[in-house]
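Trainee: I would like to learn how to read a model with two chains, beginning with its strands. Could you take me through it step by step?

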Amino acid sequence: MKLVVAVVRPEKANDVLEALFRSDVQGLTISRVQGHGGETERVETYRGTTVKVELAEKVRFEIGVSDHFVEPTVKAILASARTGDVGDGKVFVVPVEKIYRIRTGEEDRAAVTPVQVVAAGKA
Amino acid sequence: METPVIVPADVAFMLVATALVLLMTPALAFFYGGLVRSKNALNTMMMSVAALGFVGVAWALLGYSLSFAEGGPLVGDLSKAFLNGVGLDPVAPVTIPQLLFMCYQGTFAIITAALISGAIVERMRFAPYLVFITLWSLVVYGPIAHWVWGGGFLAKLGALDFAGGTVVHVNAATAALVAAVVLGQRKDYARQAILPHNVPFVLLGAGLLWFGWFGFNAGSALAANGIASLAFTNTMLAPAATLLVWTLLDLFRSGKATAVGAATAIVVGLVAVTPAAGFVSPLGGIALGAIAAVPSYFAILLRARTRLDDSLDVIAAHGVGGSVGALLTGVFAIKAWNGVADGLVAGNPGQVGTQAIAVLATIVYSGVASYVLLKLIGVVMSLKAVTKEEGLGMDFSQHGEEAYADGEGAILVLQRPDSTASEGAGALAPAAQGGRS
């Protein structure tokens with residue numbers, strides 16, 4: 001099991017979501033974050049006060065996946081988040097010790113395997 | 001020729017009406033600004049705000065003369081350019097100083113140019129936009145205002161346009177359509193959900209527009225009299241009827257009455273009643289407002305399924321609403337109320353045809369002239385922001401500001417007091433957070 005953490009451009013977040021869904025990655029968490037990488041500086045001016053904005057807005061994806069899902073997940077993110085300019089972000093793949101699904105108490109691989117729609121709806 | 005007289009009551013009323021109409025442009029900034037994404041909020045609002053400056057000055061220097069100087073049937077001459085001879089004396093039959101009349105009409109030119117921006121927000125570069133609206137107010141708005149209000153051919157034809165249904169709304173919407181086509185779509189249009197970032201702003205803008213519109217319509221009587229009161233009444237009742245019908249359409253179609261829909265309905269009602277305000281009875285106004293809701297409502301639904309990225313539905317609200325209003329003016333006009341002309345319901349079906357001619361003439365001229373203007377500007381400067389600028393947001397890429405900056409990670413750039421002006425960035429404050437470079 002791995003945790004895939006990706007920090008991407010906010011304007012690419014929708015593209016990444018779409019690419020992940022196409023790759024059958026369904027469980028994920030996103031948050032708005034600010035970060036600093038190698039981006040060229042942004043200069044803004046408010047009434048004669050000029051500032052360099054050193055933190056850029058980013059969106060962070062956190063996706064817990066079973067091992068065989070790591071590659072398609074990362075590939076989907078790389079392909080969809082890339083613009084080719086500095087500041088496209090990073091993908092981190094982190095080992096995970098334990099995963100629990102809160103609703104059922106399922107552990108590890110079972111906890112990150114999506115429930116079948118039929119089972120969730122009717123059973 | 002009657003001797004020109006100044007009527008103090010009229011002057012007082014028109015001073016207030018002029019200020020009311022001027023308020024509509026910042027109101028439009030809120031209406032449009034709330035409808036776009038947060039990264040484009042300032043740019044969208046600036047498109048309206050800038051019109052106050054650029055079109056305002058162009059109007060005083062040239063536009064007023066092109067619209068209201070003697071001239072011919074198509075355009076005024078330059079005898080009043082640079083406010084030549086525009087002073088404190090009235091020009092009969094108007095009973096207010098010509099200077100005030102110039103200001104009042106100027107507020108119309110400003111809002112008309114600003115209306116166009118709704119079709120090209122989130123992608124048009126700011127500098128070419130400024131060039132476009134400034135020239136447009138002279139080349140397109142000036143002549144069309146002359147046709148209808150300056151003694152041009154539509155006035156002689158007997159077309160009824162009380163406060164600018166064709167001159168302002170059909171005209172702006174046609175230019176908006178052309179601009180949306182010339183500019184092309186936003187990169188995210190029909191690919192991602194593009195949602196309004198601040199619906200309360202939209203409602204605030206719609207409310208302020210309604211408030212200002214009392215000056216727009218009632219003021220178009222140019223006197224504090226009964227016709228002004230009639231126009232005022234219709235300006236209250238017609239949008240109310242549009243709002244009512246729109247809400248019911250929302251409820252029947254989806255089961256939910258939407259706030260953005262309500263704000264849109266108010267604007268559509270106001271647009272539709274604009275040409276009719278001083279010509280129709282109050283009940284006629286209610287009927288007109290109610291009817292006008294339907295075509296605009298479905299035009300918006302239809303537009304969303306097309307490839308035309310008229311981002312804030314200028315065509316559905318102002319083009320369709322304005323055209324329907326102009327035609328219905330020919331239906332509901334009653335001479336017993338307005339003392340000018342009858343429409344279809346009062347036994348004069350020909351008036352509808354005259355109205356249609358006015359709408360068509362406006363569409364043709366505004367469409368062609370706006371297209372040529374945009375293409376010419378496009379030769380000199382690039383009209384559309386590149387994909388990267390669009391992605392970053394127009395606020396940062398065009399203005400170097402953010403609407404909702406939280407200041408985190410912002411490092412103050414100190415300007416050296418002794419450095420020459422062109423020195424550039426200056427030094428970083430050493431104590432600032434971050435500490436890079």
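**Reading strands, folds and a contact between chains**

Mentor: In this predicted model, seven bridges join β2(A) to strand β5 (residues 56-65) of chain A, and these two strands run antiparallel. To see one such pairing for yourself, look at A:Gln34, whose bridge partner in β5(A) is A:Glu57.

Trainee: In what order do the four strands of the open sheet in chain A lie?

Mentor: A sheet is read by walking across it from strand to strand, and here that walk gives β2-β5-β1-β6 of chain A, with antiparallel pairing. At the edges are β2 (29-35) and β6 (89-95) of chain A, each of which pairs on one side only. Ignoring direction, neighbouring strands of this sheet are turned by 20° against each other on average.

Trainee: Which strands does helix α2 of chain A lie across?

Mentor: Helix α2 (residues 70-81) of chain A lies across β1 (2-8), β5 and β6 of chain A, and the helix runs at about 0° to β1(A).

Trainee: Turning to the other chain, how many helices and strands does chain B have?

Mentor: Counting the elements gives a first impression of a chain, and for chain B the count comes to 15 helices and two strands.

Trainee: Why does the radius of gyration of chain B agree with that of a compact globule?

Mentor: The idea is to compare the value with what the chain length would suggest: because a compact globule of 437 residues would have a radius of gyration near 22 Å, the 23 Å of chain B agrees with it. Along the principal axes, the C-alpha atoms of chain B fill a box of roughly 80 × 55 × 40 Å. Of the 437 residues in chain B, 54% are buried, and among contacts between residues at least 6 apart in sequence, 74% join residues at least 24 apart.

Trainee: How many residues of chain B are in contact with chain A?

Mentor: To read an interface, one looks at each side in turn, and here 15 residues of chain B are in contact with 15 residues of chain A. On the chain B side, α14 (387-392) and β1 (410-414) each supply at least two residues, and β1(B) gives the most, with four residues. Sorted by class, that side has five nonpolar, five polar and five charged residues.

Trainee: Which strand of chain A pairs with β1(B)?

Mentor: Strands may also pair across chains, and strand β4 (residues 49-53) of chain A does so with β1(B), in the antiparallel sense and over four bridges. Within β1(B), B:Ile411 stands opposite A:Lys52.

Note on methods
Residues numbered from 1 in each chain as written. Chains lettered and ligands numbered in written order. Predicted model: local features only at pLDDT ≥ 70, side-chain atom pairs only at ≥ 80, totals over all residues. Rg over C-alpha atoms; globule rule 2.2 N^0.38 Å. Buried ≥ 20, exposed ≤ 12 C-beta atoms within 10 Å, placed from the backbone. Contact = placed C-beta atoms within 7 Å. Nonpolar A, V, L, I, M, F, W, Y, C, P; charged D, E, K, R; others polar. Pairing = 2+ DSSP bridges. Axes fitted to C-alpha atoms, helices over the stretch in contact; angles between N-to-C directions.
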